[in-house]
There are 2 protein chains.
Amino acid sequence: MKSTETLTHPLDLATALERSDEGVFLGHTAAGYSNMVGPFGGLTAATLLRAVLDDPRRVGDPLSITVNFAGPIADGPFTIDADPVRTNRTTQHWMLTLRQHGAVATTATVVSGLRRQTWTDTEISPPTVPAADSVPVTELPEFPSWLRNYEMRFIEGTGPVSPGASEQPTSTTTLWVRDTPARTLDFLALTSLGDVFFPRVMVRRGAFVPASTVSLTTYFHAGSEALTAQADRPILATARAQHFGDGFFDQTAQLWSDTGEPLAISHQLVYFKD
Amino acid sequence: MKSTETLTHPLDLATALERSDEGVFLGHTAAGYSNMVGPFGGLTAATLLRAVLDDPRRVGDPLSITVNFAGPIADGPFTIDADPVRTNRTTQHWMLTLRQHGAVATTATVVSGLRRQTWTDTEISPPTVPAADSVPVTELPEFPSWLRNYEMRFIEGTGPVSPGASEQPTSTTTLWVRDTPARTLDFLALTSLGDVFFPRVMVRRGAFVPASTVSLTTYFHAGSEALTAQADRPILATARAQHFGDGFFDQTAQLWSDTGEPLAISHQLVYFKD
């Protein structure tokens, strides 16, 4: 997808970048994807990935991305520097920084590369759930705004978005989710979708708790054909925390196609105040 | 630990760096930590972390590290550039590159920060295992060399190091492990220990298969006091893969203290040829 194309889906508009020099991309925060403070982290991750996707020097499709949320992003313009620091025959390694007024707000590394047919096996299983169309769409709060870009059908662990939420013994959330308006799945959408889970501390505590992602890593298990085949149907998403302590916790999310294929696995370390 | 101190443990010698300019560190590969091709990835990760640990500008202890193995590291000297791109009140974000002859061989990002007492809970459990001293030390092959730096007591999933290894239905490996000679645990040792697992594809296939880590992320759940308290006793380590396909798989490792506290969780994406 070239940055000169005009696509009208909110996700494409919100991640749109203007390429000024080689490896230099100009972007702007999107009010529709605001979180409690600053932009929805999934959108920031997708925007950094988009710099790589839009760069003519790119080799292959995304294999992994790590985004470190170094400081707040203020409403307004930003600059992304994208550097393919190493290009091999089948893989390529990128380092990226997102700056506002010269200060680094976010860093990222991306590995892209060529997929090829090999022995395949999946050791984990998707959770057993009813089909998406038999699960009602959950009514979401007005705030934070980014929620309005997603259609969520919660199966387990609604957390603080549920009226009368209370402390829970486990942090697991499982839902069917897709962009709204509906949009064919691609790496951009998948990257955002990996971060649609409220911080797990809120699910455990049953309340809004100050929390923000420090570092987010996504491994892409599906290639572009599998993503296109998923089209705009809801994907199955499940997340849980492993450990909370000393002001930080980690959570792992699995994103599954509606035919039970793993699309991506995403891990994050999250700061919280309690 | 300053780079001017002379510590005689192989891990300290192998990760030793000489600081030339601010943020510029000179190192050298260590024959004793060689892998099939190039250095043991856990040692490379620890060496990059050491640049941050040795840097007088560092704020706090390591919270997370992501290392991308961009290209081969040849026997010989290398240079690490370490840049604290953003320093906040309680966290600091680093970008690092390891170069040989001007070419980027490895990149890393590190988040360091201050831990503080908060609500604590662990949702996962360590595997149920016999005590370390009741499990015999596994006899390891002579090659690759890095194995000689670890004392491993396998409980499950020895994989290709076991004579007569065959295909396995799951990739789980569980073992008690520590540095040998014994060494008090710290962030350096813990970072290396997160990568002591053979690539999971070898456990599944019961044979050596060409495989190399593309990206490695470790979240540190223990602070330095907990690491010091573990002293030089074996830690409990368990790893498994999630999905294999298209020439890549991901594996997750948990490192536990011998009192059942989570020390670190480590994820990696691995290239394989099959």
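I count two residues as in contact if their C-beta atoms, placed from the backbone, lie within 7 Å. The model I am reading is predicted.

**Entry: Leu49(B)**
I looked up the neighbours of Leu49(B), leaving out residues up to four places away in sequence. Leu49(B) touches Pro62(B), Ile65(B) and Val110(B). Phe187(B), Leu188(B) and Thr191(B) are also on its contact list.

**Entry: the core**
I then asked where Leu49(B) sits in the largest nonpolar core. That core has 152 residues. Leu49(B) is among those with the most contacts inside it, along with Leu190(B) and Ala237(B). From chain A, I noted Leu49(A), Leu190(A) and Ala237(A) in that group.

**Entry: the two copies**
I laid chain B on chain A. The RMSD is 0.0 Å, after a turn of 180° and a shift of 0.0 Å along the axis. The two copies are therefore related as by a two-fold rotation axis. I checked the contact surface next: the same surface serves both copies, and 100% of the contact residues of chain B recur in chain A.

**Entry: the contact**
How many residues does the contact take from each chain? I found 51 residues from chain B and 51 residues from chain A. On the side of chain B that touches chain A, strand β11 of chain B (residues 235-245) gives the largest share, six residues. I sorted that side by class and got 17 nonpolar, 24 polar and 10 charged residues.

**Entry: strands across the chains**
I followed β11(B) to its partner in the other chain. Two bridges join β11(B) to strand β7 of chain A (residues 121-122), and the strands run antiparallel. I noted one pair by residue: Asp121(A) has Phe244(B) as its bridge partner in β11(B).

Methods:
Residues numbered from 1 in each chain as written. Chains lettered and ligands numbered in written order. Predicted model: local features only at pLDDT ≥ 70, side-chain atom pairs only at ≥ 80, totals over all residues. Least-squares fit on C-alpha atoms with pLDDT ≥ 70 in both. Core = buried A, V, L, I, M, F, W, Y, C linked by C-beta atoms within 7 Å. Buried ≥ 20, exposed ≤ 12 C-beta atoms within 10 Å, placed from the backbone. Helix = DSSP H or I, 4+ residues; strand = E, 2+ residues; numbered from the N terminus. Nonpolar A, V, L, I, M, F, W, Y, C, P; charged D, E, K, R; others polar. Pairing = 2+ DSSP bridges.
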